[in-house]
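Biologist: Could you take me through one part of this model up close? I'd like to hear about the aromatic pairs, and then whatever helps place them.

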Amino acid sequence: MINRRASAYVLNHPLAFAVQTVKGFRANQGLLLAGAVAYYSLLSIVPLLMLVVVALSHVIDQDELLHTVGRYLEWLVPGQSTSIVAEVAHFLAHRDVISWVLLGSMLFFSSLAFTVLENAMSVIFVHRVAIRRRHFMVSAILPYCYILSLGVGILLVTLVAGSLQVMGEESLQFLGHSWSLTGVSGVLLYLLGLGGEILVLSSIYLVMPVGRLSVWHALIGGVTAALLWEVARHVLVWYFSTLSQVNVVYGSMTTAIVVMFSLEIGATLLLFGAQVIAEYERVGRDEQAKEPHALNTAVR
C-alpha cells in the first residue's frame, strides 16, 4: 500500500519530488559527505584491486583478468583505468614480496571507503538510525564481506566477458550471407557492465543503511544512480578528451586529480541515489510536505 501511494505521488508530481530530493540532499550536506567518500575511495581503490586480482590470478589468466578489470574500471574512472591497471600489474609482478603486514595494511585501507560510506548513509537515513542502531561488529565485518563479494563478482564478470568476446569472433551464416557477431558482442558487454553497475549500487543501498530496506527501494536508487552516472561518465570522457587542460595545470599529478574528480562525481550520485530512496520512504509515510532539517555542524 505504501509503495503504491509513493509511486503514485512520484508519477503525478515528478518535479516536486525531484525538488524535495535536492533539498534533502543539500540539507544533509551531500556534497561534503561525497567528498569524504571520494577521498577514502581514492585511498582504497588500488589496494582493493590488488587484493582481488592477486586472489583471482590463481584461478584466472592474469592478462585476461587485468583486461576485464581495466574495461570495467573505465566505467568508474573514465580515461584513467590504464594507469591504475599498470600499477596493479606492477604489483603482481612482485607478489612474492607480499608479507602479512603488507596484506593487513591493504585490507585496512581497502575497507576505509566502505566504512565512510556507511557513516554517510547513516546521515541520509537518519530516521532509520534513530530507530535502530547497527551492532559495531556488523559494521566492522561488513567491508570485508563486500570485498569478498566484489571478488566473486569480478570472477563471474571475467568468465562471462571472455565468453562474449569469443562469441564476437564468430559469424552467423544464413542463406548464403554472413553476419559478424562483433556488434552483438559489444552490445552484450555494455549491457553486462550496466547491469553489474545497477546490481552493485542496489546491493550497497540494500546493505549499507541501518534497518531492512526492500529490494524495490534499493533498485529505485540503483537505477537512478546508474543512469545519472552513465550521463556523467560520457560527459567526463568528452570533457577530458576535448576541453580539459588538466595535464598542463597539474603535470605529474594529473592521474590522481582526474581520478579524484571522477570519484567525487560518482560518490555524489551514489549518495543522491540514497537520498532518492530516503525521500521515497518519506512520501510513503506522508511526510513529503515537511521541510528537511539541515545538518548542523556548529560547535556548541
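**Aromatic pairs, up close**

Modeller: Let's begin with Tyr-39, which is partly exposed, with a relative accessible area of 42%. Bear in mind that this is a predicted model. Tyr-40 also counts as partly exposed, at 29% relative accessibility. These two, Tyr-39 and Tyr-40, form an edge-to-face aromatic pair, with 5.1 Å centre to centre and 80° between the planes.

The count comes to two aromatic pairs. The other one joins Phe-25 and Phe-272, again edge-to-face, at 5.6 Å centre to centre with 75° between the planes. Here the pair links distant parts of the chain: Phe-25 sits in helix H2 (residues 14-27) and Phe-272 in helix H12 (residues 254-284), 247 residues apart. Phe-25 has 8% relative accessibility, so it counts as buried because the cut-off is under 20%.

Now for the wider setting. The largest nonpolar core has 65 residues, and Leu-117, Met-121, Tyr-205, Met-208 and Leu-271 touch the most other members. Helix H3 (residues 30-56) gives the most to this core, namely 13 residues.

If you want a helix to compare by eye, try H5 (residues 81-93): its 13 residues should span 18 Å at 1.5 Å a residue, and the end C-alpha atoms are indeed 18 Å apart. Its buried residues are Ser-81, Ile-84, Val-85, Val-88, Phe-91 and Leu-92. Looking down the axis of H5, those fall within an arc of 115°, so they line one face of the helix. On the other side of H5 you'll find Thr-82, His-90 and Ala-93 exposed.

Terms used: Residues are numbered from 1 along each chain as its sequence is written. This is a predicted model: local features need pLDDT of at least 70, side-chain atom pairs count only at pLDDT 80 or more; totals for chains, interfaces and linings use all residues. Side-chain values use heavy atoms; hydrogens and water are left out. A nonpolar core is a set of buried Ala, Val, Leu, Ile, Met, Phe, Trp, Tyr and Cys residues joined through side-chain atoms within 4.5 Å. Buried means under 20% relative accessible area, exposed over 50%, partly exposed in between (1.4 Å probe, protein chains only). Helices (H or I, at least four residues) and strands (E, at least two) are DSSP runs, numbered from the N terminus. Rings of Phe, Tyr and Trp (its six-membered ring) pair if their centres lie within 6.5 Å; planes under 30 degrees apart count as stacked, over 60 as edge-to-face and the rest as tilted. The expected span of a helix is 1.5 Å times one less than its number of residues. The arc is that of the directions from the helix axis to the C-beta atoms.
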